[in-house]
Each structure stands twice: as structure tokens, then as C-alpha cells.
Amino acid sequence: MKTLFRFVSAIFFLFVFAPSIVWAKPVSGSHLKVFIPSLPYIYISHSINAALLRPANNEQGWEYDMATSHKVIDERTYEFTLRKGVKFQDGTPFNADAVLLNMEHFKKAPFLFTKIDTVFDRAEKIDDYTVRFHLTQKYGQFLNDAIWIQFYTRTYLEKFGWNGKATCPNLAEPGPYGLGPYILKEGYIEGDRQTPNAVLEANPNYWNPEYPKIEKVTVYTELDSKVALERAIDRDGELDIMPIPVSEKRRVNESLYAKLVTAPSTDNIAIHINMITGNKRLQDKAVRVALNKAIDQRRLLSKYYDGEGQIKPTLAAPLYPGVDKVVKKLKAYSEVEDPKAIRDQLKRTLDGLVLNVYTQDRYMHIWKGIDRDLRKVGVKLKFDITTSEKDVFGQLLSTNAGKNTKKWDLLAWGDDDWYYNHPWSAFLVYRTHNYWSTISPDPQLDNYVEEMFRESVGSPAFDNVSEKIMYHVYDNGYMLFVPTPNKVLAVNKQVTYSPYRMANMPLWEIEVSDDHWSVR
């Protein structure tokens, strides 16, 4: 009788409960509002678009998306098995022909932030659901690049093609053009252009019926940080998720509507030193190193980050593969010599230096600490502050060619981990002939980067070249180094969200309770 009872119970569970689990639908009327001030096109891209792989909060940094498996035939050939039964958001089928069509357009105008624009040769159809990628040379970063080779409908490709920009792709206009769990319905968010907000709606054709869990998402990209914080913590229904300055942790903890969520990260804060068009004194290695030596990272972390981060001697976060080994030997300047003990020496090098700073407002709490340290060695900072990351990028991406229109010497942006557990998201700025770099030409550093391209992350050869890159940049003071920040967020108390440690907000996984403002 017990066996019969268990059998009947199992059948009852399968027919009554299992369908509701497998075929979950978005909560009717549910609406999420998020503010993403840094790299919003990166954070939401995989909620709208899809590629062979997508970011994941695991050790390798990715999982299969439009592919279900892959194999490396040789160091220049990768083969992928595609997911079956998948449709684009407009209902057209996704298969090997769709991949080949996309790769034809990609070949004409690939993204330019790695070396894929020169090493990708062609894609070959093996059968309807198997595609082989051919490269011109050994290229260990291909799988990380594959996360950003996203697929679009024929309609979109014929209208826009690929963008051929220095930034990752997204959608140039709203429409059912992708494969992701959400359709972009209003606005657009690209690396160099964006609307202040965009609206996403659940994709009824998404291949996984368990996702998404929320019907509508509004993404804000350009809000004043103080205004955004008030919306998140003082009023219900105006903002559900936003990164906050660590100085505001107490206010979030006291909020009736928001809770504090923190997590370690592989994010970086990139502070560029303009060696191209900036103050001529910045071309002097001694000046750049002295600026770094003047910054007390331990005090900066304790007082201005409220302990939310990690001290480091480089731009790349200590949690990256390759970087994790180097930071055990290479220490931040202020960990080697107390800035107070060498203040007179630093003042002899830096006294009278006036530097123009261009930054988003969200980093002003950190700049207060930097300004405090640099004033003590005779450096004056003059601030130009914006709420828009696209304005920062507009100046940064034109400086290498000497075409920046603002006069800046130091520039800050949120270089969050968009390459997913691979330090290229930080090392990108060290390729001195690239749009992203403001370092004077350095053939030795460029050669190190070329060497790194060939190696696979996690290999001994990769660790070795990563070490060479970091020591070279450290010795030359090519960036202004500050601690890596933790993820520190204000999240509505009725929202369930676990942040990834990299630059990806999996909107499709986020849930709201029955008491959330949009559904109660």
C-alpha cells in the first residue's frame, strides 16, 4: 500500500504541479524599474539579444545559450552544436543559416575592442544545427568574444548590419530583432548612444518557458545620482534596483522600501591619465608614479568605500584569473611606502600641478578621497562632472586620435567586468593604438597584449603574460590605481535579485513578490 500511495502521489505531482513549474509565465502586470549608470548596454544586452554563450556567475564566467555544446577541433577551429526549436522574437527560425548570415555581416563590420576583427576568417555550415568557426591564427580569447557575437533577424541585418564600433553591439532601434527573453519596445541603449530610458517587454517566443518572470522592465541610464537614490529609498514604485555610493549604505538600511545588497565583484574603476592631449607633465613617468604613490588606498577603501572593495596595484580586479596570482607579489604603492612618510619627496615632484578631471557624478565620493591625498602634495584638481556615461565615452574614445573636445587630464568611468572572468576588460586600455587607450605609444606593452591574445585564460602561459603586462603598467604608472569596488545596491524589498560579480544584470531571473508595487 505504501508503494502504491507513493506512485499515486508522484503521478499527482507531475500532472498538477509540474506543468506550473515548467511552463511558468511572467507575473501579470509585473514591472521592474532599474537604474544602470555604467555600461548599461553591457548589463542588459543578454536580456535582449543572444549569442552562442552568455555570461554566468560561475568559475568560467559563461554558460551555453544558443549553443548546447562545443569542441575545439584545433587551435584555429571551433565547432558548435546549436539549440533546436528556437525562434527569433519576430517568429523566424534560428538555425545554422541564421548564424552564417550574421557572420557575413559581422565580417563586414566587426566590433573593434579585441582582435577578432582580424582573426575571424569564416563560418561553415556542417548541418542545420552545427556550425564551425575558422580563425586565421591561434586565438585563446575566442570563447569570450563569442559571448558578444550576437545574432539578429534578417530584417535587422538588412537595415543596420553590424556596427563596426569600438563598443559591444546592441540594438540601434526598438523591435523584435533578437533572441533574448525581452524585446526592446522603446528607446535604445548602445555604447556610444542611448536614450535616457528604455522599455523592455517579455518575449513570448523565448526558447525557455521558465523565463522571464517579469512582464515589463524600464531601464534608466541617465539620472542624477541623488535623485535616483531618493526614488529608490524614499518612495515606492519609482526605482527598484540601483548601484549606490557606499556612503549611502546607512540611508538604505533605514529605508522603508529598499534593502542593501552587496557582493564581491570583478569590476574596475578606470581612471585614465591623458598622455596624448593632456598636461605635458603627465608624459613624465616620475610624475605619474608620484601621483599613484600619493594615494593612500587603505584610507580610501576604509573611509570613502566604507570597506566595500579590495586594495590592488593595478586596474584589473584581484578576482580575475591570472591577476589573482600576481597580486600576491605585486602590492599597491601605498602598501609598499606610507604616503605620509614620503610626502616631502612627492611634493618636490608634483607641487604646482593642476589637473582637469572629467567624471560621472557617481564617483565623486571617491574623488573626495583622491583630492584630499593629492592636495597634500601640491596637486590641484578641477572637476567637470556629468551624469552621462556616453559623454565620458565621447571624450575617452576620441582622445587616442587627439580629437577630444574637452580638456581633460584624468578621466573616470565604470570599467565593470564585461569580458566575464577574463582581465581583458581591464587590459583593453593597455593596447596603446586602440580607441580605449590614452597611453603614449609603447611597442613593448602592445607586444605583451598580442602575446596574451594567443593564450587561453587560466593556462600557465596566460598567467605569465598577464604578470608581464601588470608589472609593466605598474612600473610606468600608466593609470591612476584605486581599489576595486564591491557591488553595493539598493534593491526594493519586494524584489529577489542576486547580483552577478561581473557586468551582467540577468533581468530574466529577477522576481517580484505579491506585495510588489506593480502587482499588489
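**Group meeting talk: where domain 1 meets domain 2**

Let me begin with one residue, N205, which counts as partly exposed because its relative accessibility is 29%, a value that lies between the 20% under which a residue is called buried and the 50% over which it is called exposed. Before I go on, please keep in mind that what we are looking at is a predicted model.

As for where N205 sits, you will find it in the loop that runs between β9 (197-202) and β10 (214-220). If we set aside the neighbours within four places in sequence, the residues in contact with N205 are K87, F88, Q89 and G91. For Q89 we can be more specific, since a polar atom of the N205 side chain lies 3.4 Å from the backbone oxygen of Q89. For a sense of scale, you might also look across to N476, which is 271 residues away from N205 in sequence and, C-alpha to C-alpha, 52 Å away in space.

Now let me step back to the overall layout. The protein is divided into three parts, with domain 1 made of the segments 24-49, 171-264 and 487-519, domain 2 covering 50-169, and domain 3 covering 268-485. The centres of domain 1 and domain 2, taken over C-alpha atoms, are separated by 26 Å.

How many residues of domain 1 are in contact with domain 2? There are 31 of them, and they meet 31 residues of domain 2. The size of an interface is often given as the accessible area lost when the parts come together. Here the area buried between domain 1 and domain 2 is about 2,800 Å², and carbon and sulfur atoms give 56% of that area. On the domain 1 side, H46, L179 and W207 supply 28% of the area buried against domain 2, which is more than any other three residues supply.

Turning to polar interactions, we count three salt bridges between domain 1 and domain 2, and 16 residue pairs in polar contact, with both residues at pLDDT 80 or more. If we then ask which elements build the side of domain 1 that touches domain 2, α3 (40-48) and β8 (182-186) each supply at least two residues, and the largest share, five residues, comes from α3. Sorted by class, that side of domain 1 has 16 nonpolar, 10 polar and five charged residues. For a salt bridge that you can find for yourselves, look at E190 and K165, whose closest N and O atoms are 3.5 Å apart.

I would like to finish with some details of the backbone. Most residues other than glycine have a negative phi, and most peptide bonds are trans. Going back to the loop between β9 and β10, where P212 has its place, the peptide bond from Y211 to P212 is cis, with omega near -5°.

There are also positive phi values to point out in residues other than glycine. L39, in the loop between β1 (27-35) and α3, has a phi near 50°, and L39 is buried, because its relative accessible area of 1% is under the 20% cut-off. D306, in the loop between α11 (297-304) and β14 (309-310), has a phi near 55°, but D306 is partly exposed, with a relative accessible area of 41%.

Definitions and conventions
Residues are numbered from 1 along each chain as its sequence is written. This is a predicted model: local features need pLDDT of at least 70, side-chain atom pairs count only at pLDDT 80 or more; totals for chains, interfaces and linings use all residues. Side-chain values use heavy atoms; hydrogens and water are left out. Domain bounds come from an automatic or database domain assignment. Contact means heavy atoms within 4.5 Å. Buried area is the accessible area (1.4 Å probe) that two parts lose on being put together, summed over both. A salt bridge is a side-chain nitrogen of Lys or Arg within 4 Å of a carboxyl oxygen of Asp or Glu. A polar contact is a pair of N or O atoms within 3.5 Å; within protein, one must be able to donate a hydrogen and the other to accept it, and residues adjacent in sequence count only if both atoms are side-chain atoms. Helices (H or I, at least four residues) and strands (E, at least two) are DSSP runs, numbered from the N terminus. Ala, Val, Leu, Ile, Met, Phe, Trp, Tyr, Cys and Pro count as nonpolar, Asp, Glu, Lys and Arg as charged, and the others, Gly among them, as polar. Buried means under 20% relative accessible area, exposed over 50%, partly exposed in between (1.4 Å probe, protein chains only).
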